[in-house]
Amino acid sequence: MLTSPFRPICLSAVTFALCLFGVFSSADAAEKRLNVLFIAVDDMNNDLGCYGHDQVYSPNIDRLAQSGTRFDRAYCQFPLCSPSRTSIMTGLRPDATTVYDLKKHFRKVLPEVVTMPQAFAKAGYFTARVGKIYHYGNPGQIGTNGLDDAPSWQVRINPSGRDKKEENLLTNHTPKRGLGSSLSFMAAEGTDEEQTDGIVATEAIRLMEEHRDEPFFIAAGFYRPHCPYIAPKKYFEHYPIGKVPVWSNDFPEVKQVPQWALASNKPWPWLGVNPQQLQEAQQAYWATISFVDAQVGRLMDALDRLELRENTVVVFWSDHGYHFGAHGLVKKQSLFEQSARVPFIISAPGQKQIGTHTGRTVELVDVYPTLTDLCGIEAPQNLAGESLVPLLNDPEATWDKPALTQTIRGPKMMGYSLRTERYRLTKWGDDGLELYDYETDPNELHNLANDPEHAELVKELSAKLTNLRN
């Protein structure tokens, strides 16, 4: 007898879940289905008002958090665009997809895998993507499909705006690097709607308008704050340069870590720029966060205008975090907190508590089973994550699953990092070990891995890391 590749969900379980959330009456539970607005941002860290940042202006993302649950300890599976996006969309860890770079497509390894939007399409949903959801080079492949996955979507839209056309006007402090890995920026002329991300919002709104009478899974993939850091001039006004921090080149903590921990930046520190250049890039990065925030606000306003808010799950996530100075690092691909941690918010109709936050450790790989659980549709049996619905109902619910993030150095050196609510253990093959206690050391200044007093803890966390990998 053939076995189904999906997790079986009985009707009574679905009905129970819907009643638990209070979304529908039992009479229409079988007829109505929740929509999904799936909002992705590129290279955004947790510098947001709702995460306690006192400088960054993000009123719309903050508003979204007030309507749902903010996850304070959410982590990507791999701090690089393609591996991370492949992981969240397939629900599988990078070692299962074997996507560790920006070139390999997961279908070469897993041709029959059922992606998240495919699962929704099988359940009768309209599925569409605007902008960057799967990987393609930013900004080089703006306007193309890049490494997108055609079977995932019924409609694909690849916007290209004024920012792409005016790249010759950029200030670039790292001219020897490609734009996609540069510290380059521009305070742009013109309107939001002329920018690529403005077009993303416009097109996503149009799709919601056209498909408001059928269940939809619409993904809006924004390109910022990924470099080059481009936003209309008005967003730079939130951040006078004199109020942007200036880092000093003094990082004694790096003497305690394996060489692999800092290898994401060559040259180190800060890819060779000076503190003032880093300050200018930081100002622009924050301006792009505020610009993207405004586009998120346009999406949320459209949901309200179309009277879809009460029937739509909204998910907001970044593919990984981002360094801007700490440990002498900028950008991504480290296994420190700022690179592995992501902003992550879910707002679900009828969830028992709204405007709450949870400190439980969760992963982007948990998104797939959460959305299928919320919407009462079948999901593949082999998903690596777990549904976060219990935490939407009770942010303090019992939850003992840690988070696992990995990255690669060269062709063979893989680093793995386990995050619990209090600790992070990072292992670099057989060549290096890091242990941080965030209760006493939130800035990761003291590597405790070689402290005899923590030997038993290292052993315990190592076992958990091995178990999660397997």
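Let's start with the second largest pocket, which has a volume of about 290 Å³. Of the 22 residues lining it, Leu80, Gly180, Ser181, Lys332 and Gln333 are the closest to its centre. Keep in mind that this is a predicted model.

Now for the largest pocket, where about 750 Å³ of space lies. It is lined by 30 residues, and those closest to its centre are Glu337, Gln338, Arg341, Pro442 and Asn443. Three elements give two or more residues to this lining: β2 (69–75), α9 (275–305) and α10 (337–340). Of these, β2 gives the most, with three residues.

Here is how the two linings break down by class:

| Pocket | Nonpolar | Polar | Charged |
|---|---|---|---|
| Largest pocket | 12 residues | 10 residues | eight residues |
| Second largest pocket | seven residues | nine residues | six residues |

Next, a sheet. Four strands make up an open sheet, running in the order β14-β15-β16-β17 with antiparallel pairing. At the edges sit β14 (403–409) and β17 (432–437), each pairing on one side only. From one strand to the next, the twist averages 15°.

Zoom in on β14 and you'll find that it pairs with β15 (residues 413–419) in the antiparallel sense, over seven bridges. Arginine 409 stands opposite methionine 413 in β15.

Which helix packs on the sheet? That's α13 (residues 455–469), which touches β14, β15, β16 (423–428) and β17. The direction of α13 makes about 70° with that of β16.

Methods. Residues are numbered from 1 along each chain as its sequence is written. This is a predicted model: local features need pLDDT of at least 70, side-chain atom pairs count only at pLDDT 80 or more; totals for chains, interfaces and linings use all residues. Side-chain values use heavy atoms; hydrogens and water are left out. On a 1 Å grid over the protein atoms alone, a cavity is a set of points where a 1.4 Å probe fits but cannot get out, and a pocket is an open set with protein on both sides within 12 Å along at least five of seven lines; lining residues have an atom within 4 Å of a point. Grid points are joined across faces, edges and corners, and a volume is the space filled by probe spheres set on the points. Ala, Val, Leu, Ile, Met, Phe, Trp, Tyr, Cys and Pro count as nonpolar, Asp, Glu, Lys and Arg as charged, and the others, Gly among them, as polar. Two strands pair if DSSP finds at least two bridges between them. Axes are lines fitted to C-alpha atoms, for helices over the stretch in contact, and angles run from 0 to 180 degrees between N-to-C directions. Contact means heavy atoms within 4.5 Å.
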